[in-house]
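Hello,

Here is the structure for you to look over. My notes on it follow below.

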Amino acid sequence: MKSAPLLRISASISALSLTLAVPAYAQQTGPASTETNIQSDDFHGTEDIVVTAPFVERLDILSGTSAISGEVLAEKTRAQLGDILTSLPGVSATSFSPGASRPVLRGYQGNRVAVLTDGIGNIDASNTSADHAVTIDTLTVERIEVLRGPAVLLFGGQAVGGAVNALDKRIPRSIPDENIHIDALAGYGSAARDWSGGASIDMPITDRVIVHLDGSYRNSDDLRTGGYILSPNLRAEMLDLAAEEASEGHLEEAAEARELADQRGRIPNSAVKSWTAGGGIAFIDDNGNIGVSYSIYDTNYGIPARPGASHAHAHADEEHSEYEEHAEGEAPVTIGLRQYRLDFRGEVNLGDGLFEKLRLRAGYADYTHTEFEGDEVGTLFNSQGIEARAEFVQNDRNGWRGASGVQYQSRDFEAIGAEAFVPPNITRQFGMFTLQEYTKGNLDAEVALRFDTADLRADTLGLTRSFNNISAAFGLGYHIGDLKIGANISRTGRAPAVEELFSSGPHIATQAYEIGDPDLKSERAWNGELYARYETLGTAFSATLYTNRFDNFIYEAETGDIEDDLPVFQYFQNDAKVWGVEFQAAKRLASFGSSNLSVDGVADYTRAKISSGGGNVPRIPPLRLLGGVELTNASFDLRGEVEFSDDQTKTAVFETPTDGFTLVNASATWRPFGRDRNIALIASANNIFDVNARRAASFTKDFVPLTGRDFRVTARVSF
C-alpha cells in the first residue's frame, strides 16, 4: 500500500463529493458564563458557542455538551487534543505521552469516543492504539466541542462514551468584512521548553469567494515533571532489583538501578516536534455554499520507555538480569507521523417545502505512521480512509423539526514490520439515521433511530466479519421557569474494531504483546440519563446522572503472562455496568463597576465493573473536583483554581492503583485595547506546587507523570 499523491487524493474526493455528507446537529451548552460584556470578531468568539449546524437551534433533549474557544482555548492549548479538555465535566485524557493523548469521556476511550474534525471522523489511527497521536492542529482550531450522552447517536452507535468535535476554518463559513482577516497565536511553556505558534489568513477574492491559509509549528523538549518519574510501585521494583544486584556483587548495576529509581526532572524521550499547513476556498451566497480544503499534519514524538521493558528484538542472553536487558537493550522508540487530508463541504438551500437544506460533507486522508527504534525503522503503518455524510434538514413546522441522512466510512490499513501486531485489513461501514424533535409548550420530545452495517476483512488471515446494529434513542424534557429537567434512554450497538478482533503480536510503542479475539460479538448497551439544568443571568448549573448496561462489553486487560519479553494484553468480552455523575456550575458573586467576581465548579465520578465477578473495568478515572474563582472586566481577567483527583484503588487485576493529587493553577489575561480589539496577552502558572500527578486512565501512568510546575505565556490576536 503506497502513499497517495495529491492528484490521486483530489480525484478520489471529487468522485465522492456529489453524494457525501456533513452532520447536522446543534447542542445544548453547559452552564453559561456569568460574564455579560464579552465581544467577538467575525471568526473567534470568547463565549462558549457550541451550535455547529443550526437546523435545531437548541438540541438539548438528547445532548449534554460543553465547549472551549477564544482566550480559554488559547491558554489551554497543548500539543494533543486530550490534554486541552480535562477541565470539562466528565473528561480525562489517555496521557500516553506529551505527543499522544486522546480524550477520555465518562471513563471511555478508544473506539467508544468519536474524535471529529468539523463533524466527520479524524481519519487517523489514534483510535487503534493509545500511542498514536490525534491529527488535529490544536494551534489553529477555533473551537472544540464535547458531546456526551445519547446525542452522539448522530455519529454512530459506537460512540457510547461521547464525541469531541474540533472546528477549524479551513473551509470558510462566512466572508469577513475586511479585505484580509488574520488570527494568530504564539506561546511558550517552561516545563517542556515548548515554543509554539500558529496563524491563519482569510481573504475574500470576490464578494462570494473566500480563500483561507493556515500553518503552525511546535517544538518542545523532554517534559519536566514534579517528583519522581517512576510511580511508587515501579520505584519499589527497581530498588528491589538494585538490592538483588548488590547482594550478587554487581555494584555498578545496583547503582544504575538505584539511579533510575531516584530519577526526577525531565522524562527521557518525551520531546515533540510538529508542523501543519492547510488551505481552503469556499463559494458562499444566499442559495448555499460549497468549499474544499487540503491540509498536512506532520509530527515526530518520543515514546518514554518503561524501565525493565524489552521486546523480542533485544535477543538478551537468558543469563542477563532484567536490569541488564533494560540497560543494554532497546534504542529509544520515536514515532514519525504524517497525514495528507482533503475535505469537502457543501450546503444547498431547498426553500420552504418539507426540507430546508441539503448538507454534504466528505473527507479523504492518506496517513503514514512510522515507529523508529533508534535510527532503524521498526514498524510502518499505512492507512487510506474516506468518511462522508449527506443530510436532508427539515423546515420547522409548528415545533416539529429534524434531519435524516446517510453516512459512509472506508479504511484500508496495513502494518509492515517484524512487530506489526495487526494484519492488513479493510473496513467498510454504512449507516442511515434520522433525528426528530418536537416542542409544544414546556414539553420537548426527541427520537433518534440509526442503522449501521460494518464489514471487516483480514485477507492474510482468511477472516471476514460482518455486523449489523440498530440503535435508538428517546428523550423528554420539561421546563419549569428557568429550570429544565429531563430523561433520556437509548439502546446502542457497536461492532468490534479491527484491533479488538485481529491483533496478535508485539507492539514496541505500547511495550505490550497484544492479542485480539476474532470471535467477538457486537457490543450492545442500554443507556439512561436523568438531568437538571438551570440558567439565569449570573447563575447556571447542570447535573447529570447516567448509567450504561452492556451486553458483550469489550475491554483490554493485562493477563499476567509474558510473551516475547513483553506483558500480554488481551481483549475480552463480558457484560458490564457503568454509572456516573457530572456536575457543573457558575455563579456571579458581585459586581464592582465594570468588574465581575464569579466562582465556578466541576465534579465528576465514574464507576465501571465487569459482571459475574469479573472485577473492575481497567483505567477508569476516579472522583474529580475542580473549583475556580475569577475576576473579569473589559481589560483583564484574573483566575485561580484548584483541582482535586482522588486515589483510584478500584483497579483491574494487574493494574496498579493511582495516587490522588491536588493541582493549583492561576492565570491572568490582559487586553491592552479592551475586548473589542481582540488582542490578548495571557500568563499562567500551572501546577504551582510542583505536584507529582498521574492519570488513572493512562497506560503509561507508572513512568509518564503529568507536567510539573509550568509557567506559560501566550499572545493571541485577531484582526
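Arg411 counts as buried, because its relative accessibility of 15% is under the 20% cut-off. Arg411 sits in strand 18. Its side chain makes a polar contact of 3.2 Å with the side chain of Glu499. Apart from neighbours within four places in sequence, the contacts of Arg411 include Asp124, Asn127, Thr128, Ser383, Gln384, Asn425, Arg428, Val498 and Glu499.

Please bear in mind that this is a predicted model. The mean pLDDT of the protein chain is 87, and 87% of its residues reach 70 or more. Two stretches stay under 50: residues 1-40, for which the model has 139 contacts beyond four places in sequence, and residues 42-61, for which it has 100. Where pLDDT is low, the predicted coordinates should not be read in detail.

On the chain overall: its secondary structure comes to six helices and 34 strands. The chain has 719 residues, and 58% of them are buried. About 27600 Å² is exposed, with carbon and sulfur atoms supplying 56% of that area. Of the contacts between residues at least 6 apart in sequence, 69% join residues at least 24 apart.

Next, the nonpolar cores. In soluble globular proteins, nonpolar side chains tend to be buried together. The largest core here has 31 residues, and the members that touch the most others are Tyr301, Ile303, Ile335, Leu337, Leu456, Leu501 and Phe502. Two or more residues each come from strand 14 (288-303), strand 15 (333-349), strand 18 (400-417), strand 20 (443-458) and helix 6 (498-502). A second core, separate from this one, has 30 residues, among them Leu73, Leu88, Val160 and Ile610. As for Ile303, leaving out residues up to four places away in sequence, it touches Phe96, Ser97, Asp131, Asn269, Val333, Ile335, Ala509 and Gln511.

Then the charged pairs. Side chains of opposite charge can pair when their charged atoms come close. The count of salt bridges is 43. Three of the pairs are described here.

- Lys169 and Asp202 form a salt bridge at 3.4 Å, N to O. This pair links distant parts of the chain, 33 residues apart: Lys169 lies in the loop between strand 7 (162-167) and strand 8 (181-189), and Asp202 in strand 9 (residues 194-204). Lys169 is buried, with a relative accessible area of 5%, and Asp202 is buried at 0% relative accessibility.
- Arg494 and Glu500 form a salt bridge at 3.2 Å, N to O. Arg494 counts as buried at 2% relative accessibility, and Glu500 counts as buried at 6%.
- Asp604 and Arg624 form a salt bridge at 2.6 Å, N to O. This pair also links distant parts of the chain, with Asp604 in strand 28 (residues 595-610) and Arg624 in strand 30 (residues 624-632), 20 residues apart. Asp604 and Arg624 are both buried.

Salt bridges with shared partners also join Asp118, Glu142, Arg173, Arg341, Asp343, Arg345 and Arg361 into one network.

Regards

How values were computed. Residues numbered from 1 in each chain as written. Predicted model: local features only at pLDDT ≥ 70, side-chain atom pairs only at ≥ 80, totals over all residues. Heavy atoms only, no water. Core = buried A, V, L, I, M, F, W, Y, C linked by side-chain atoms within 4.5 Å. Buried < 20%, exposed > 50% of the residue type's maximum accessible area, 1.4 Å probe, protein only. Helix = DSSP H or I, 4+ residues; strand = E, 2+ residues; numbered from the N terminus. Contact = heavy atoms within 4.5 Å. Areas by Shrake-Rupley, 256 points an atom, 1.4 Å probe, with all protein chains shown as cover. Polar contact = N/O pair within 3.5 Å; in protein donor to acceptor, adjacent residues only side chain to side chain. pLDDT = per-residue confidence, 0-100. Salt bridge = Lys/Arg side-chain N within 4 Å of Asp/Glu carboxyl O.
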